[in-house]
Each structure stands twice: as C-alpha cells, then as structure tokens.
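Thanks, everyone. I have one structure to go through today, and I will keep it short. Please have a look at it before I go on.

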Amino acid sequence: MPITYTPTTAHLPPTTNAEEAEPLLQWLEEHPDGDLDLSEAESMHTVVVNVLLSMRPRVSEPPTAPRLAAWLVPALAA
C-alpha cells in the first residue's frame, strides 16, 4: 500500500518500502508545514527513515506500533 498524500498530511501505510522515499521527500520539500500521520505505520525501509530524520516533519499521529513509536517519535522531535 503506498503513502497517501493530502495537501496537509502524508499518511504512511503499515509497511513503507524504499520506492516511496523519493516521492515522500518531494512532498515534504513542497509542504514544509505538512504533517505526518504514522498511526498505521508498523515498519519502514531505512531509506524512508533517513528521509524522515533529515526533514524532521511534524508528527500529527504517532505510530500505534510500540517499538516504532518508542524510537522514531523522539528522534523526529529532537
């Protein structure tokens, strides 16, 4: 399932693969005030993680997956 985008939010699916990193980066560059909805996210490719860590978007909905939430949300807030 791909990432879905609205004018204000990128909604990550349960699993995000490497092919989605470039469109995500482009969307984040075009929407610097955009939010990230991670509520369904369970795992993501490391290149997607690198995009998120480099852009540090605002998280509107944290992951419900405890292991992902435990390290990703604090890393994005730092």
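I'll take the sheet first. This is a predicted model, and in it four strands make up an open sheet with mixed pairing. The order across the sheet is S1-S2-S4-S6. Which strands are at the edges? They are S1, residues 4-5, and S6, residues 58-61, and each of them pairs on one side only.

Now the S1 end of the sheet. S1 and S2, the latter covering residues 9-11, run antiparallel and are joined by two bridges. If you want a residue pair to look at there, Thr-4 stands opposite His-11 of S2. As a general reminder, strands of a sheet pair through backbone hydrogen bonds, in either a parallel or an antiparallel way.

Next, a residue in another strand. Thr-16 is placed in S3, which spans residues 15-16. Is Thr-16 buried or exposed? Its relative accessibility is 2%, so Thr-16 counts as buried. Setting aside neighbours within four places in sequence, Thr-16 is in contact with Ile-3, Ser-43, Met-44, His-45 and Val-48.

On to the helices. H1 runs over residues 21-30 and H2 over residues 46-55. Their axes come within 9 Å and cross at roughly 15°. An angle under 35 degrees counts as roughly parallel, and H1 and H2 are therefore roughly parallel to each other. The crossing of H1 past H2 is right-handed.

Which residues make that contact? On the H1 side they are Ala-21, Leu-24, Leu-25, Leu-28 and Glu-29. On the H2 side they are Val-47, Val-48, Val-51, Leu-52 and Met-55. Sorted by class, the contact has nine nonpolar residues, one charged residue and no polar ones. Val-48, on the H2 side of this contact, is also among the residues that Thr-16 touches.

The last residue I want to show is Leu-52, which sits in H2. Its relative accessible area is 0%, so Leu-52 is buried. What does Leu-52 touch, not counting residues up to four places away in sequence? Leu-24 and Leu-28 are among its contacts, and both belong to the H1 side of the helix contact. Leu-52 also touches Leu-36, Met-44, Pro-57, Leu-72 and Leu-76. Met-44 appears among the contacts of Thr-16 as well. One distance to finish: Leu-52 and Ala-18 are 34 residues apart in sequence, and their C-alpha atoms are 13 Å apart in space.

That is what I had.

Conventions. Residues are numbered from 1 along each chain as its sequence is written. This is a predicted model: local features need pLDDT of at least 70, side-chain atom pairs count only at pLDDT 80 or more; totals for chains, interfaces and linings use all residues. Side-chain values use heavy atoms; hydrogens and water are left out. Axes are lines fitted to C-alpha atoms, for helices over the stretch in contact, and angles run from 0 to 180 degrees between N-to-C directions. Angles under 35 degrees count as roughly parallel, over 145 as roughly antiparallel, 65 to 115 as roughly perpendicular and the rest as oblique. A crossing is left-handed if the near helix is turned anticlockwise from the far one by less than a right angle, and right-handed if clockwise. Contact means heavy atoms within 4.5 Å. Ala, Val, Leu, Ile, Met, Phe, Trp, Tyr, Cys and Pro count as nonpolar, Asp, Glu, Lys and Arg as charged, and the others, Gly among them, as polar. Buried means under 20% relative accessible area, exposed over 50%, partly exposed in between (1.4 Å probe, protein chains only). Two strands pair if DSSP finds at least two bridges between them.
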